[in-house]
Amino acid sequence: MTPEWIEEMKRDAQKESETIYGNCSANITNIELLKLLAALEESQQQSKDTEHDLDMMKFLNDSLGVKLVEAQQTIARQREVLEFYANQEHWELPSFGRGQSKVTSDKGSKARELLKEGSDKA
């Protein structure tokens, strides 16, 4: 039921009312009443459908928000590990040339741990 149709029905009802009843309040036919009731039911159903769609969108938004936070945390951990291996000081041997560098001591465990985290989520 379009707004134009509603306005047309109002005008027609007003004209008919004035013609038949003078200044009495307007009456509508049963057919017009049934059309109005059908339009109301359709509108109510559309409203329910819209509410359902909105609920689904909120759920998806929340779910994506959680995934975004998880992705940001993963990126931060990856950056931390990359910075560890990229730090030149971590490759240098301790004083007096004895022992191992931090990277050598690590033996790639930071990288393997990070890779394992990624495979656990997949």
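This report walks through a predicted model of a protein, from its overall build to a few residues worth finding on screen.

**The overall build**

Let's start with the big picture. The protein has four helices and zero strands, so if you read along from the N terminus, the elements simply go α-α-α-α. Of its 122 residues, 11% are buried. The protein exposes about 10500 Å², and carbon and sulfur atoms supply 56% of that. What about contacts between residues with a separation of 6 or more? Of those contacts, 38% are between residues 24 or more positions apart.

**Two salt bridges**

Now look for charged side chains that pair up. How many salt bridges does a search of the whole structure find? The search turns up two. Here they are, with the N to O distance for each pair.

| Pair | Distance (N to O) |
|---|---|
| Glu117 and Arg77 | 2.5 Å |
| Arg79 and Glu83 | 3.1 Å |

Take the pair of Glu117 and Arg77, whose side chains meet in a salt bridge. Glu117 sits in helix α4, which covers residues 109-121, while Arg77 belongs to helix α2, so this salt bridge ties together parts that are 40 residues apart in sequence. Are these two buried or exposed? Glu117 has a relative accessible area of 25%, so it counts as partly exposed. Arg77 is partly exposed too, at 27% relative accessibility.

The other pair, Arg79 and Glu83, is also joined side chain to side chain. Where do these partners sit relative to each other? Both are in helix α2, and because they are four residues apart there, about one helical turn separates them. Arg79 is exposed, with a relative accessible area of 54%. Glu83, at 44%, is partly exposed.

**Phe84, a buried residue**

Right after Glu83 in the numbering comes Phe84, which is also in helix α2, the stretch of residues 30-86. Is Phe84 buried or exposed? Its relative accessibility is 12%, and buried means under 20%, so Phe84 counts as buried.

Which residues does Phe84 touch, leaving aside those up to four places away in sequence? The answer is His90, Lys102, Val103, Asp106 and Lys110. You can also check how the chain brings Phe84 and Ala111 together: they are 27 residues apart in sequence, yet their C-alpha atoms are 9.9 Å apart in space.

**Two patches on the surface**

Finally, have a look at the outside of the protein. One patch there is nonpolar, formed by Ile28, Leu33, Leu34, Leu36, Leu37 and Leu40, and together these residues have about 520 Å² of accessible area. Leu37 is one of the members to pick out: it is found in helix α2. With a relative accessible area of 41%, Leu37 is partly exposed.

Which residues form the negative surface patch? Those are Asp49, Glu51, Asp53 and Asp55. Asp53 is in helix α2 as well, and its relative accessible area of 45% makes it partly exposed.

**Putting it together**

Helix α2 keeps turning up on this tour. The buried Phe84 is in helix α2, and so are Leu37 of the nonpolar patch and Asp53 of the negative patch. Arg79 and Glu83 are in helix α2 too, and Arg77 in helix α2 pairs with Glu117 in helix α4.

Note on methods
Predicted model: local features only at pLDDT ≥ 70, side-chain atom pairs only at ≥ 80, totals over all residues. Heavy atoms only, no water. Helix = DSSP H or I, 4+ residues; strand = E, 2+ residues; numbered from the N terminus. Buried < 20%, exposed > 50% of the residue type's maximum accessible area, 1.4 Å probe, protein only. Contact = heavy atoms within 4.5 Å. Patch = residues over 30% accessible without salt bridge, like charges linked within 9 Å, V, L, I, M, F, W, Y side chains within 5 Å. Areas by Shrake-Rupley, 256 points an atom, 1.4 Å probe, with all protein chains shown as cover. Salt bridge = Lys/Arg side-chain N within 4 Å of Asp/Glu carboxyl O. Lys, Arg positive; Asp, Glu negative; His and termini not counted. Charge placed at Lys NZ, Arg CZ, Asp CG, Glu CD.
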